Structures are given as C-alpha cells and as structure tokens.
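Trainee: I'd like to learn how to read aromatic pairs and buried residues in a model. Can you walk me through one?

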Amino acid sequence: MKASHLGRSAAVLAIGTLALTACGSDNATGQASDSAETAAGSGVSGTLTGIGSSAQNAAMTAWQNGFQEANPEATVQYSPDGSGAGREAFTAGGADFAGSDAYLDEEEYEASKEVCGPEGAFHVPAYISPIAVAFNLPGVETVNMDGETIAQVFTGEIKTWNDPAIAEQNPDAELPDTPITVVHRNDESGTTENFQEYLAAAAPEVWTEEVSGNWPSQWAAENNKGTAGVVQSTNATEGAITYADASAVGDLGTVAVGVGEEYVAYSPEAASAAVENSTPVEGRAEYDMAMDLERDTTESGTYPIVLVSYEIFCPQYDAQETADLAKAFGEYVISEEGQQAAAEAAGSAPMSENLRTAAQEAIDQITVAG
C-alpha cells in the first residue's frame with residue numbers, strides 16, 4: 001500500500017516557505033530519527049546510476065560522498081552530461097534517476113511510463129539556485145540590465161558594453177567600448193531552457209523563438225559544453241557574457257536584473273522569493289513536485305532567473321535493490337544533512353522543513369514493481 005501524501009496544494013505551500021539555512025530536526029513522519037539517519041542506517045548495497053544536470057555537479061558530488069560514507073556497500077554513479085541527456089537516458093531506461101534543470105515535458109512524461117509504470121516518473125526539487133548572467137569586463141563587478149536589454153545582448157542586437165541601452169541603466173559606471181561576445185551552451189540544457197523562459201517572459205518582443213533546451217541557431221555565437229565550459233570560455237574572452245549556475249561563476253562580474261522599479265542581484269534569498277510564486281504543473285501524479293515559475297514578476301526583492309533542478313525518480317523499479325537504493329539516496333539528498341552539504345559545496349538554498357516534508361512524501365512512493 002502506498003504511503004499517504006500531502007497533496008499538490010500542500011507541496012506548493014511548502015515551496016513558499018523555502019528556508020535559506022538548515023532546518024530543524026523534525027521530520028515528515030514525526031519519528032525521532034530524520035531521513036539522513038534513515039539513509040545512514042538503511043544498509044543498502046549495489047550501484048545506482050544517474051545522468052543529467054551539470055549545474056548540479058558540485059552538489060551531487062557532495063551527496064555521493066555523504067551517502068556512500070553512510071552506506072559503504074553502495075555506490076552512486078553520476079555523469080553530468082546535461083539535463084537533456086539525463087532525461088533521454090532515464091526515459092529510455094538507461095539510468096536509474098535523472099538530474100534535470102527542467103521538468104519532463106508531456107512527451108517525456110508519457111515515455112517515462114514505459115520504464116516507471118502507469119503513474120510515470122516524479123520530480124523532487126532538490127537543488128534550487130540562481131542562474132547568474134555573468135561577464136568578463138576587467139574593473140567592472142556588476143552591471144544593471146532589465147529583461148529587454150539582456151535579451152538584446154543575447155540576440156546580438158546590442159554589440160558593445162557602452163551601448164546607450166546599457167549605459168542609461170548604469171550612470172555611475174565607466175563602461176568601455178569593448179565588443180560583447182555572447183557565450184552559450186552547445187548541448188541541450190535545462191539551464192538554457194530556464195534562461196530562455198526568463199527571456200521569453202521578460203522580453204517577448206525581443207526573444208521571439210520558442211523556448212527550448214537548445215540555443216536557437218539564428219542567434220548562434222561562441223559556445224561550449226556544460227556549465228564549466230561556458231564559464232571557461234567567458235573567463236578566456238574579455239567582453240564575454242554568458243549564463244550559468246551562480247555557484248560556478250567564480251570571479252566573473254554579474255548582472256543585477258531589472259525587476260519592477262529596482263535591480264536585483266542574484267542571491268539564495270532572492271531566488272527563494274521567486275520560488276514562492278511557483279505553481280504546480282498540471283496533469284502529473286498528486287505527489288509530483290514539478291513547478292512553473294513566474295518569470296516576469298515585478299515583486300520586490302525577487303530574482304527571476306532561478307534554476308529549480310530536480311532529481312527524477314520512478315515510483316516503481318523492477319529490482320528490490322534498485323528501489324531500496326533510489327529511496328535511500330533520495331532521502332539523503334533531501335535530508336537536513338544532505339541539503340547542508342549541497343549548500344556548502346554549491347551555494348544552493350537548503351530546503352525548508354515543509355518542503356522536505358513534501359519531498360519525503362514523494363520519495364515514500366518508491367517501491368518495487370509487483
């Protein structure tokens with residue numbers, strides 16, 4: 001019999017209470033031990049295979065190390081090939097779970113039913129982080145840009161850093177006439193899809209292409225694979241600009257994004273404010289936690305270019321060992337210990353107690369196929 005669950009509305013309410021520090025020791029079931037201790041004491045063994053998001057890579061490494069230390073007979077393999085590759089491998093039965101910066105679309109969700117059973121796969125938003133618009137401009141640490149200006153930069157309409165559209169929003173900055181070099185991902189990427197969702201919502205008259213995990217060919221520019229690749233290219237090119245998980249941009253300058261009447265720099269706090277306005281994706285299992293974000297928000301203090309990266313699991317696995325491993329690893333990832341490990345490794349915002357409760361209810365669905 002499946003465990004009871006909170007329901008979609010409760011899950012969304014939980015998302016709105018996302019905390020920026022580690023949560024208390026209370027747990028979803030009210031038992032004395034939390035999910036980290038459950039994972040640590042599970043005694044699972046074998047190998048669990050995941051493929052997906054490169055943005056998650058630092059957090060995933062921390063999760064692998066923590067889980068395997070608690071479960072020395074278990075191994076978690078993860079290949080950061082990109083969100084698109086992860087979803088493709090997962091829905092084809094080539095991975096036990098996927099890490100993805102975008103939720104399964106309708107076609108992918110239907111395909112997941114072939115490997116996961118009639119309810120299809122479900123999402124747990126385990127990694128929440130801003131996407132930084134990062135640039136290499138010596139002597140300049142931050143630049144203000146509204147959504148239309150960011151879109152014009154990435155479509156190539158704005159070509160130099162001292163263009164009037166940028167200069168007017170930065171009256172106190174000394175901007176050079178350095179050419180802007182756009183650097184984008186050349187692999188299918190949930191980070192790309194999230195960034196395009198923002199551009200399409202904030203500047204629909206400029207960003208006219210359909211949102212996709214692939215960069216539009218008509219605006220092709222310098223490119224590289226994965227988060228590390230675009231950051232590397234941007235570091236190597238004066239005047240370059242890219243988009244990447246904020247945890248990976250290092251010493252690059254970053255854009256404060258126009259929201260309403262203010263400019264908002266990226267931060268875990270500002271990212272969590274964006275998550276507060278999310279709504280659940282329709283047509284999925286009740287315990288599923290896939291969400292849509294309000295990218296064109298004008299809410300003060302909100303950073304709208306936020307990445308909500310999921311772990312995607314099956315509610316049913318063919319082998320008991322795989323089901324046990326997936327459940328134990330999922331519990332560790334969402335635990336207070338696991339979330340703090342990710343925050344320390346990648347600068348993400350740990351899940352609140354309420355959000356962890358909803359995630360635990362989802363992970364409780366994992367079982368072996370009858």
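Mentor: Sure, let's go through the ring pairs, then a charge over a ring, then a helix. Keep in mind that this is a predicted model.

Trainee: How many aromatic pairs are there?

Mentor: Two rings pair if their centres lie within 6.5 Å. By that rule, the count comes to 15 aromatic pairs. Take Trp207 and Trp219: their ring centres are 4.6 Å apart and the planes meet at 45°, so this pair is tilted. Both residues sit in the loop between helix 8 and strand 7, so the pair ties together parts that are twelve residues apart in sequence.

Trainee: Are Trp207 and Trp219 buried or exposed?

Mentor: Buried means under 20% relative accessible area. Trp207 is buried, and Trp219 is too.

Trainee: What about the pair of Trp215 and Tyr243: stacked or edge-to-face?

Mentor: Planes under 30 degrees apart count as stacked. Here the planes are at 15°, with the centres 5.6 Å apart, so Trp215 and Tyr243 are stacked. This pair links distant parts of the chain, 28 residues apart: Trp215 is in the loop between helix 8 and strand 7, while Tyr243 belongs to strand 8. Trp215 and Tyr243 are both buried.

Trainee: Which residue lies over the face of Tyr109?

Mentor: That's Arg284, at 4.5 Å from the ring centre.

Trainee: And how many residues of helix 13 are buried?

Mentor: Nine of eleven, so to read it by the under 20% cut-off, helix 13 (residues 353–363) is mostly covered. Among the buried ones are Leu355, Arg356, Glu361 and Ile363.

Definitions and conventions: Residues numbered from 1 in each chain as written. Predicted model: local features only at pLDDT ≥ 70, side-chain atom pairs only at ≥ 80, totals over all residues. Heavy atoms only, no water. Buried < 20%, exposed > 50% of the residue type's maximum accessible area, 1.4 Å probe, protein only. Helix = DSSP H or I, 4+ residues; strand = E, 2+ residues; numbered from the N terminus. Phe/Tyr/Trp six-rings, centres within 6.5 Å; stacked < 30°, edge-to-face > 60°. Lys NZ or Arg CZ within 6 Å of the ring centre and 35° of its normal.
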